[in-house]
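Here are a few short exercises to work through at your own pace. Have your viewer ready, and try each task before reading its solution.

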Amino acid sequence: MRVVKWGEKSLLEVSKPVEEINDYIRELISEMFKTMYEENGIGLAGPQVGVNLRLAVIGLDGKEYVVINPQILETSQELHVMEEGCLSMPGVYAPATRPKRVKVQYMDLDGRRRTIDADGMLAKVFQHEIDHLDGMLYIHRADEETRERTIKRYERKQANAAKRRRRRRH
Ligand code: ZN
């Protein structure tokens, strides 16, 4: 599975709810876990593999979460600034500000409704993935200057990588 990169359309679209958990969804989820681990990520959302459905996979501290049609029920007043990165913008990182704790309701792969109270890193990952379903990246949780700087840094890296690839061909 190829991970969609910054600049591609599906990343900025609002995704649609999953209406039925069928073989297509089960296969998709399994491929997404595989891709996430291959890329050394801790989360991957539908739009990042070109599928604009409200689903994501998370793998953190030896635990796996299949997150379908998630909804944030509560967020803490307390905010937290953490450095984030994204498989759709490889090679760059920037601090993003988010609520420190969130309560999220979602469906698992068996269609069971689950609620989780997440704190710290797990809260950050849940919010990061849910943002993807709303067409947002973590850079949208940073101030404008940081956002612009991070995008420029990423684009410069991409341009340099393309140059290196061209040189190798000659
Ligand atoms: Zn991401």
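The exercises below go from the metal site to a helix and then to a strand residue.

This is a predicted model, where local features need pLDDT of at least 70, side-chain atom pairs count only at pLDDT 80 or more, and totals for chains, interfaces and linings use all residues. Residues are numbered from 1 along each chain as its sequence is written, and side-chain values use heavy atoms, with hydrogens and water left out.

**Exercise 1.** Find the protein donors of the zinc ion and their spacing along the chain.

*Solution.* Start with the donors, meaning N, O and S atoms within 2.8 Å of the metal (3.2 Å for Na, K and Ca); water is not among the atoms, so sites may look incomplete. Cys86 (SG), His128 (NE2) and His132 (NE2) lie 2.1 to 2.3 Å from the zinc ion. Next, read off their spacing: C-x41-H-x3-H.

**Exercise 2.** Place the two histidines in helix 2.

*Solution.* Helices are DSSP runs (H or I, at least four residues), numbered from the N terminus. His128 and His132 are about one helical turn apart, because they sit four residues from each other in helix 2 (residues 120-133). Now check burial, which means under 20% relative accessible area (1.4 Å probe, protein chains only). His128 is buried at 8% relative accessibility, and His132 is buried at 0%. Finally, 13 of the 14 residues of helix 2 are buried, so the helix is largely enclosed by the rest of the structure.

**Exercise 3.** Which residues does Ala45 contact, leaving aside neighbours within four places in sequence?

*Solution.* Ala45 is in strand 1 (residues 43-45), a strand being a DSSP run of E with at least two residues. With contact meaning heavy atoms within 4.5 Å, the partners are Met32, Leu55, Ala56, Glu129, His132 and Leu133.

Methods:
Buried < 20%, exposed > 50% of the residue type's maximum accessible area, 1.4 Å probe, protein only.
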